[in-house]
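Please look over the sequence and the structure shown here before reading on. The briefing that follows takes one helix and its surroundings, and then the whole chain.

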Amino acid sequence: MRTATATAAAVATTLVGAGAAAVAAGRCAADAALRPGRPLPGGPRLSVHSTAPGRVALTRCLASLRPGTYGLTAPGVHAVVGSVLDDVAHDPDTVVRRLLGVAHGSLDPGTRVALTPQIHAGDPGTALGLEHADVDVPGELGALPAWFVPAARATWVIAVHGLGTGREHPMVVMPLLRRLRLPVLALSYRGDPGAPASPDGLGHLGESEWRDVDAAIRYALRYGARRVVLHGWSTGAAMALHAAERSALADRIAGLVLDSPVLDWHATLRALVAARHTPAALLPLAVRAAEGRAGLRAGHRRPGEDAGALHVPVLIFHGPDDTIAPWEPSRRLAAARPDLVTLRTVRDAPHGAMWNADPHAYEEALRRFLTPLM
């Protein structure tokens, strides 16, 4: 009897230990997925095969064949590539793309690079030649660094980057906004370099970060804006929606532009956790742990879930090839409020790269949306 009891106790102890280890591993994976500043999971690393004036040959794959304009990055390297050049002779295992510029470093043969939606490196002055000021927006956790690009109109655009990027990413739309004479405030928020960390050191997919957007609205109104348009990418889009629903200054928001919005945090967290090579058996635990750590528990209302809460025009750029933020919630939001929401479907574009797939079409849709709001 004693042997059986001892065996049962040993099995129970083993099971408890295994369960505790699984919970700990799930929590570790969740924290890794929520850690600010981590690059997003994306396509494969590509090798530079050769370069010639105005062109670069890259490893042939679905990512390198995407239409549009993208950054090419590697340690110490940032370049910009344009369309695929089908009429240029190349090896069967390569793709030749138009090389639009090299901001720094060099694309030597053998260099391993990644395609990124971030086109510009530096600040609006060094990258675009735009007059700008480095400003600090007073936030609830401390000063939030931002770039202010002045212009004549009293409607400001507050640009809010998303997952895996920084305020360099929104520079893709600054030349258009400058032509429209719209001032731009490009915000860094909690967890960004130079900005305060969140109390737990983790990101919350906009659930707490939206208050930094609220602070940016207050800053804009204090320094001359009469109204603001919130232009957010990824979690920045979720933050914009939260601000429109929760801010005491929501009546000063003229419109929302949502690029690749994170509207289904469960799907986004699952994609982020899976991308950290979490074992399949631990994936549900890790996702639940991430939801708990981010304050996104069951019953919590998702951004945009209450379509009736929208009171301003909304322009959404999103498409079916986004594997980080599913496209379907954007479609549902547009279908629920056709009086306010316009969905621009963008195909062949990964998360956060709706501008990159077709810059001209993106900017024309954005111009048409912004014109009556100015």
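**Helix α10 and its setting**

Helix α10 comprises 12 residues (359–370), and because each residue should add 1.5 Å, the expected span is 16 Å, in agreement with the 16 Å between its end C-alpha atoms; that expected span is 1.5 Å times one less than the number of residues. This is a predicted model, in which local features need pLDDT of at least 70 and side-chain atom pairs count only at pLDDT 80 or more, while totals for chains, interfaces and linings use all residues. Residues are numbered from 1 along each chain as its sequence is written, and side-chain values use heavy atoms, with hydrogens and water left out.

**Two sides of the helix**

- The buried residues of α10 are P359, Y362, E363, A365, L366, F369 and L370, where buried means under 20% relative accessible area and exposed over 50%, with partly exposed in between (1.4 Å probe, protein chains only).
- Seen down the axis of α10, these buried residues lie within an arc of 160°, so they line one face of the helix; the arc is that of the directions from the helix axis to the C-beta atoms.
- H360 and R368 are exposed residues on the face of α10 turned away from its buried side.
- Among the elements that cover the buried residues of α10 are α3 (174–179), β11 (227–233) and β14 (341–345).

**The whole protein**

- The protein has 10 helices and 14 strands, which are DSSP runs numbered from the N terminus (helices H or I, at least four residues; strands E, at least two).
- Of its 374 residues, 52% count as buried.

Terms used:
Contact = heavy atoms within 4.5 Å.
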